[in-house]
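Let us take a friendly walk through a protein chain and look at how its charged and nonpolar side chains are placed. Keep the picture open beside you as you read.

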Amino acid sequence: MPGEAYNVGSGEQVKTWMAAIEIARFAGAPAPESAANGKPYYEIPVQVLDSQKIGRLGWHAETRLRNGLRDTLEWYRDYLSAKVAVTA
């Protein structure tokens with residue numbers, strides 16, 4: 001519906017420090033120190049999106065959160081590599 005806001009997510013509950021560790025791992029970077037120690041340091045310690053509203057329109061998640069994080073980082077790597085190649 002025009003002008004409406006929708007949450008689009010897997011419905012999986014995730015601790016933000018665990019998501020930070022996964023993102024760092026997929027990026028080949030060290031985990032943030034406090035995340036690596038399991039000490040939450042984020043404003044929101046746990047995040048889960050309620051996608052029921054968009055679900056009523058027939059949408060449902062097809063990708064698990066972990067896979068989506070990995071795929072998103074791979075997409076950005078490919079996209080940025082292509083931009084660098086074009087500008088070089």
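## Contacts and salt bridges

Leaving out neighbours up to four places away in sequence, E22 is in contact with R66 and L69. Please keep in mind that what you see is a predicted model. E22 sits in helix 1, which covers residues 16-27. Is E22 buried or exposed? With a relative accessible area of 19%, E22 is buried, because buried means under 20%.

One of the two contacts of E22 has a charge partner in it. The side chains of R66 and E22 meet in a salt bridge, with 2.8 Å from N to O. This pair links distant parts of the chain, since R66 belongs to helix 4 and E22 to helix 1, 44 residues apart. R66 itself is partly exposed, at a relative accessible area of 41%, whereas its partner E22 counts as buried.

How many salt bridges does a search of the whole structure find? The search finds 6. Another of them joins E12 and R64, whose closest N and O atoms are 3.1 Å apart. E12 lies in the segment before strand 1 (14-15) and R64 in the loop between helix 3 (52-55) and helix 4, so this pair ties together parts that are 52 residues apart in sequence. E12 is partly exposed, with a relative accessible area of 25%, while R64 is exposed, at 56%.

A third example stays inside a single helix. E74 forms a salt bridge with R70, and their closest N and O atoms are 4.0 Å apart. Why are these two separated by about one helical turn? The reason is that E74 and R70 are 4 residues apart in helix 4. E74 counts as partly exposed at 39% relative accessibility, and R70 also counts as partly exposed, at 29%. Elsewhere, salt bridges that share partners join E22, R25 and R66 into one network.

Here are the three pairs described above, side by side.

| Salt bridge | N to O distance | Citation |
|---|---|---|
| R66 and E22 | 2.8 Å | salt bridge |
| E12 and R64 | 3.1 Å | salt bridge |
| E74 and R70 | 4.0 Å | salt bridge |

## Around helix 4

Now let us follow helix 4 a little further. R77 lies in this helix. At 40% relative accessibility, R77 counts as partly exposed. Which residues does R77 touch, not counting those up to four places away in sequence? R77 touches F26, A27 and G28. The side chain of R77 reaches the backbone oxygen of F26 at 2.8 Å. R77 and A27 are 50 residues apart along the chain, and their C-alpha atoms are separated by 9.1 Å.

Next to R77 in the numbering comes Y76, which is found in helix 4, residues 65-87. Y76 is partly exposed, with a relative accessible area of 45%. Y76 also belongs to a nonpolar patch on the surface, which W75, Y76, Y79 and L80 form. Together, these residues have about 450 Å² of accessible area.

## Looking back

To trace this yourself, start at E22 in helix 1 and go across its salt bridge to R66. Then move along to R77, also in helix 4, and look for its reach to the backbone oxygen of F26. Finish at the surface patch that includes W75 and Y76.

Technical notes
Residues are numbered from 1 along each chain as its sequence is written. This is a predicted model: local features need pLDDT of at least 70, side-chain atom pairs count only at pLDDT 80 or more; totals for chains, interfaces and linings use all residues. Side-chain values use heavy atoms; hydrogens and water are left out. Patches are made of residues with over 30% relative accessible area and no salt bridge: like charges are joined within 9 Å, nonpolar side chains (Val, Leu, Ile, Met, Phe, Trp, Tyr) within 5 Å. Accessible areas come from the Shrake-Rupley method with a 1.4 Å probe; for residues, only the protein chains shown count as cover. Buried means under 20% relative accessible area, exposed over 50%, partly exposed in between (1.4 Å probe, protein chains only). Contact means heavy atoms within 4.5 Å. A polar contact is a pair of N or O atoms within 3.5 Å; within protein, one must be able to donate a hydrogen and the other to accept it, and residues adjacent in sequence count only if both atoms are side-chain atoms.
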